[in-house]
Protein chains: 4
Amino acid sequence: MDYVYGPGKNHLFVPGPVNIPDPVIRAMNRNNEDYRSPAIPAMTKVLLEDVKKIFKTTSGTPFLIPTTGTGAWESALTNTLSPGDRIVSFLIGQFSLLWIDQQQRLNFNVDVVESDWGQGANLDILASKLAEDTAHTIKAICIVHNETATGVTNNLAKVRKILDDYRHPALFLVDGVSSICALDFRMDEWGVDVALTGSQKALSLPTGMGIVCASPKALEASKTAKSLRVFFDWKDYLKFYQMGTYWPYTPSIQLLYGLRAALDLIFEEGLENVIARHTRLGKATRLAVEAWGLKNCTQKEEWFSDTVTAVLVPPYIDSSEIVRRSWKRYNLSLGLGLNKVAGKVFRIGHLGHMNELQLLGCLAGVEMALKDVGYPVKMGSGVGAASAYLQNNTPLIPSRI
Amino acid sequence: MDYVYGPGKNHLFVPGPVNIPDPVIRAMNRNNEDYRSPAIPAMTKVLLEDVKKIFKTTSGTPFLIPTTGTGAWESALTNTLSPGDRIVSFLIGQFSLLWIDQQQRLNFNVDVVESDWGQGANLDILASKLAEDTAHTIKAICIVHNETATGVTNNLAKVRKILDDYRHPALFLVDGVSSICALDFRMDEWGVDVALTGSQKALSLPTGMGIVCASPKALEASKTAKSLRVFFDWKDYLKFYQMGTYWPYTPSIQLLYGLRAALDLIFEEGLENVIARHTRLGKATRLAVEAWGLKNCTQKEEWFSDTVTAVLVPPYIDSSEIVRRSWKRYNLSLGLGLNKVAGKVFRIGHLGHMNELQLLGCLAGVEMALKDVGYPVKMGSGVGAASAYLQNNTPLIPSRI
Amino acid sequence: MDYVYGPGKNHLFVPGPVNIPDPVIRAMNRNNEDYRSPAIPAMTKVLLEDVKKIFKTTSGTPFLIPTTGTGAWESALTNTLSPGDRIVSFLIGQFSLLWIDQQQRLNFNVDVVESDWGQGANLDILASKLAEDTAHTIKAICIVHNETATGVTNNLAKVRKILDDYRHPALFLVDGVSSICALDFRMDEWGVDVALTGSQKALSLPTGMGIVCASPKALEASKTAKSLRVFFDWKDYLKFYQMGTYWPYTPSIQLLYGLRAALDLIFEEGLENVIARHTRLGKATRLAVEAWGLKNCTQKEEWFSDTVTAVLVPPYIDSSEIVRRSWKRYNLSLGLGLNKVAGKVFRIGHLGHMNELQLLGCLAGVEMALKDVGYPVKMGSGVGAASAYLQNNTPLIPSRI
Amino acid sequence: MDYVYGPGKNHLFVPGPVNIPDPVIRAMNRNNEDYRSPAIPAMTKVLLEDVKKIFKTTSGTPFLIPTTGTGAWESALTNTLSPGDRIVSFLIGQFSLLWIDQQQRLNFNVDVVESDWGQGANLDILASKLAEDTAHTIKAICIVHNETATGVTNNLAKVRKILDDYRHPALFLVDGVSSICALDFRMDEWGVDVALTGSQKALSLPTGMGIVCASPKALEASKTAKSLRVFFDWKDYLKFYQMGTYWPYTPSIQLLYGLRAALDLIFEEGLENVIARHTRLGKATRLAVEAWGLKNCTQKEEWFSDTVTAVLVPPYIDSSEIVRRSWKRYNLSLGLGLNKVAGKVFRIGHLGHMNELQLLGCLAGVEMALKDVGYPVKMGSGVGAASAYLQNNTPLIPSRI
């Protein structure tokens, strides 16, 4: 009945796609509907308003595009830039690398600012580039808020400050794929021009919806941007927004109802509580890693990610074997190390709809898998460190007080 | 819980998105999974083989792209053509119009061959264009197999014959969105170079998967095509096919399991039986239209579509009112007339997972809605004409003999 | 994947189990929960209050028993009566027959009042029995409100009037299995002492919940009733009601959430509108039967049932063949004739969550099946008669006005 | 949408109802069907054969009754015994107590053999009773295989041996509610006459199906047993078995499909592997309890249960507070102490579809809750003890080798 069966639940701890809440699975358990009936536009109208809240924007315009994060990137770039435009982009891991690859293939002129994998974006170089660029040849700054490959969170407030310091008009484009709805993200306050995420990340939906939010400045830029685009063109969306029918082409009915349910859950918990939960789970994970005597791939505390932890293993161990073992023996799905850090790190995703005991079960599984591959871990050490912290810091479930 | 509630089932007869079979809804009722585990590639490998069967190709290469039909169009064009390339494209209704709009916005040089809405593609003009084009400046022929706006099916075998007659090397690109899996379609036999459909049409899935199949000649063309593309680039897919991991970016786990279930149902019924069922339901619908004393928007029998029927209403009636009325009073979803035929036609979609009694219920609803808006229909006339035909022509359900 | 597959939806028109609304299927699509947590009792408390509304009682006490209608019968009898007790019971079809069989096997002393199958309960005999019974030896009157086998609805108000006329204290026990939530039923006004239904009937849930509602007089009787019982004993329920934990043994979590959703839908539509919809669909069905030139098994209009129509076929036709044919060829599930009327009638269930077009699809299927078995029906005649009526009488869907 | 919401998954560790596997939830996610169509009897026929395998019987006759465990008890008793019959019954905890209460209220003459709660059935007394009963006045021995309230497993092989030693013909009736499909159970080998379980226990389905299996000797007894019964009467089932329609009254369609899926999963894993998994999880749980410095309510190792562990807390702690706390803060559902052991024990259910990491997550939660209520537990101690054992003893998932 299912492709590969194992007794008990699958423990899903890759940093995406993440666990879908049961009420969301229920909400999507439905037949198709006519998206041109009055019901779907009415629903969409409210969704578009509500989705702005997770970006913390009131002035932004959101687009719910039937695509993935890769498509959302392309939407951000092609709607705001013209071929040949100079952009500054930070390479700090596999996902920023892929975005840069896209930027280059779309014929932008990319200043790649590279850091060691495990470090955050080098913002000093940004400052110096902006300082030099008095002619404003730099059209956009592209940065991932949270690099999923290395568990590094960049400081976006600081990016804005640098832009402001140099009064530089470059567009500020942010990949918030593994941050938005999980980490503190403030589109308006930080003057982000395009922010984007994917449905299968902290929103905890299936893959298939790229959510892109554009500032008024980005919308203005889209009027003159010369990159060719049709499927990703905001113009078509805006035309249908104005007509009140909202969809230039067919959306997934199921994802719309799923998004409705996902937002309801987030608002019921409270976005700040959702973020605090991620902070708590991130901290607990790092305490476990420390207790195991292992190192975080992220080199400084200021970059520690609360949505994904990349764990460095000793040189005598192949981190891929930990991932394989976890899956084969414990029905635990962990993230592989990618590219430069392949074999060197494994990743624990702790984002989306997740609670303390789910994470502790995962950590117990990691301990067993570490032992399986010959790492001399003390059983219970990581779980104990994490649970000692969580026992002190977990609030009561509000609906149950 | 639901956006707009009505007692009883919604009767979904728009020509897409269509009714999802219950076993498919069940198969998709699931949590996310790690798409990098061994299970998903193993499943994908088989899916790619099986999906070729619905295109009737053995030499084609399929791509399951997380997008809609509009994106599938863009994938077909940008992977095979370069900006400025000359193409011949047939305008016969709203969806061919939109594809042509896309072709033009992507900077192709389009020879638009227009017909009256209600007629098929003018293949005589194609012949004369090919005859003149001894220098082979025409790089591609773009044609919709079935124009969903007018219920017109084009003769693809004849297109191939004309190409062959003139030994013209132009690529043959086909929009099979409302035909593949419902109408007779033969990719290899007809020498189609790119064929595409969307999951929410005859495959009877939710929206979100654009299925594009490329011939070896199209794959060859993709190596030199200069249109900028990343998200839609076949190259990335082919690279991951070769690695055996299959996905350059995250697919929808739910749609993969849904596709598996949908194909299982189609193969269990037999693709030829599925097509025969569409032929039967199409014929029954047209008999009802005739019995009501109404005209088919499609002007000649050779173009009659077995997946959608566009019904012309008398000038004193606004067809949109029939659609509104059906929805408001009978929980029946019909298709509106679009663009040039807005207000003049309404459309009955009879594609996908549907049987005789579902269609007859719809036809009974149309009769009531016609009466509601003042058309002097004899109650039962259309249903009677359709059921007289169906009673003679419906086979026993094979699994129940 | 499914036991017996057919293309398109199954058309379910047996008089139970009936079609489940999609929102109810969604609500039940869930894991188990601890029924001793605070959540389930809180939910149950509200459910018990709400369920009284469908019985139109304020003084009654409902029991949600994990059983079927047969179990609900047993609960009604064993909680209120002692072995040897004299009861009057009406035999008018297969389901009243089965209840009487139960009454006799539980050692009650049953005065069986038999009518022709197709007639209602003979209330004149009731009157004469009560008149004679000045010693009040008759402890209970047992009657089915709607006999599902013959499509006969009994006049309960008249039963109450006769009881009152003779100031007879007998308990008034009503099987409302195929009536409650579909036909006009007034527990308090009619002085019904025990009323019962099953979840899979007009409530449109899966089978598995027997809903029994007891008047204060019935509760009083239960204190002295000597029939042995444990699983069905109201006393255990009442004890847990008082403790606020509600469940003497494990309920189905899924059915509780399903009942919640089902009641929400009924209240949203309005119970009176639900009943009016059944009246409308019942009338439409009878008009179709008449148009086909067939007779209703129900002999007089006063007994016509709005939840099920039993159709008599000419002697040269085996009604079972119509049912078989409908299922094998049209994926239509009709009810067989049972016992005395086996082979003579087939039954159309038109109760529960159903709308006009669903019924018209069914009627079109019946026409085709009639033709299949050699009955000279004019195609479209029944559907036309029904739709002419429905087109005049169907209100707009309130949420869509 | 949901009654009480908490972020992340609910961790369900009550000893029933237990976690439902996702494939089973999917299988039950469906509309009703006509249970008189050819499909349901065909499915039932196979189910009845397959269900015998989980009882390890070839000669038994199973009944799938729409009821709970309490109803299954009543079915076992009333079909085999007559009022006044003498039976021997063992009181060792709350569930054996409730069964004895039922036996007494059904007017059987019960020799109650009581043990301390935490001990197994006193089989020495059984031996002496049988020795004395040369006249064979004892008609049945009633015993729970696994007392869910105290986590005590009785030795059924020994019961059979004693019966054989005294050549006593008493019926051997076994409550296998929290054992069958999880613990080693051998109906034929142990000469059990009636064995029963409930769907919501180790079968991991929703509540609503009482599964009762009768030996030929029990069937024979049912022919003369004088207890009044209709709903629970095996005779009606046997009559419909013979007719090939199988159901004397309406079954839950959803539970039938669910049972099919549940059995498929069990057979795919292998019943012996399922039992070994329970042995492993039971052992791991007890190691955690020991590491916490707490005592098992079960007084001797021979009675340790592999499906539920009742943990004794120190006198200064109220065990109910641990359960409340777990639910309120960690979304963890544990079992309360019942009746005599209320406040003194809390219970961890580890039966049904569950794997190692699920259990370890639960154990981590218990540690935090213990700390919450003031017990000086060393964080990670129990999880570490359990995972050290599990890391050594968990096999690879067969489908993933």
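Colleague: In what order do the three strands of the open sheet in chain C stand?
Modeller: This is a predicted model, where local features need pLDDT of at least 70, side-chain atom pairs count only at pLDDT 80 or more, and totals for chains, interfaces and linings use all residues. Residues are numbered from 1 along each chain as written, chains are lettered from A in the order written, and side-chain values use heavy atoms, without hydrogens and water. Strands are DSSP runs of at least two residues, numbered from the N terminus, and two strands pair if DSSP finds at least two bridges between them. The pairing is antiparallel, in the order E11-E12-E14.

Colleague: Which strands of this chain C sheet stand at the edges?
Modeller: Each edge strand has a single partner strand, so one side of each is left without a neighbour in the sheet. They are E11 (295-296) and E14 (345-349) of chain C.

Colleague: Which residue in E12(C) is the bridge partner of C:Lys295?
Modeller: E11(C) and E12 (residues 308-312) of chain C pair in the antiparallel sense over two bridges. The bridge partner of C:Lys295 is C:Leu312.

Colleague: Which relation links chain D to chain A?
Modeller: Copies are superposed by least squares on C-alpha atoms of residues with pLDDT of at least 70 in both. Chain D lies on chain A with an RMSD of 0.0 Å after a turn of 180° and a shift of 0.0 Å along the axis. That is the relation of a two-fold axis.

Colleague: Which C-alpha in chain D is nearest the axis?
Modeller: The distance from the axis is 1.9 Å. The C-alpha belongs to D:Gly361.

Terms used. Helices (H or I, at least four residues) and strands (E, at least two) are DSSP runs, numbered from the N terminus.
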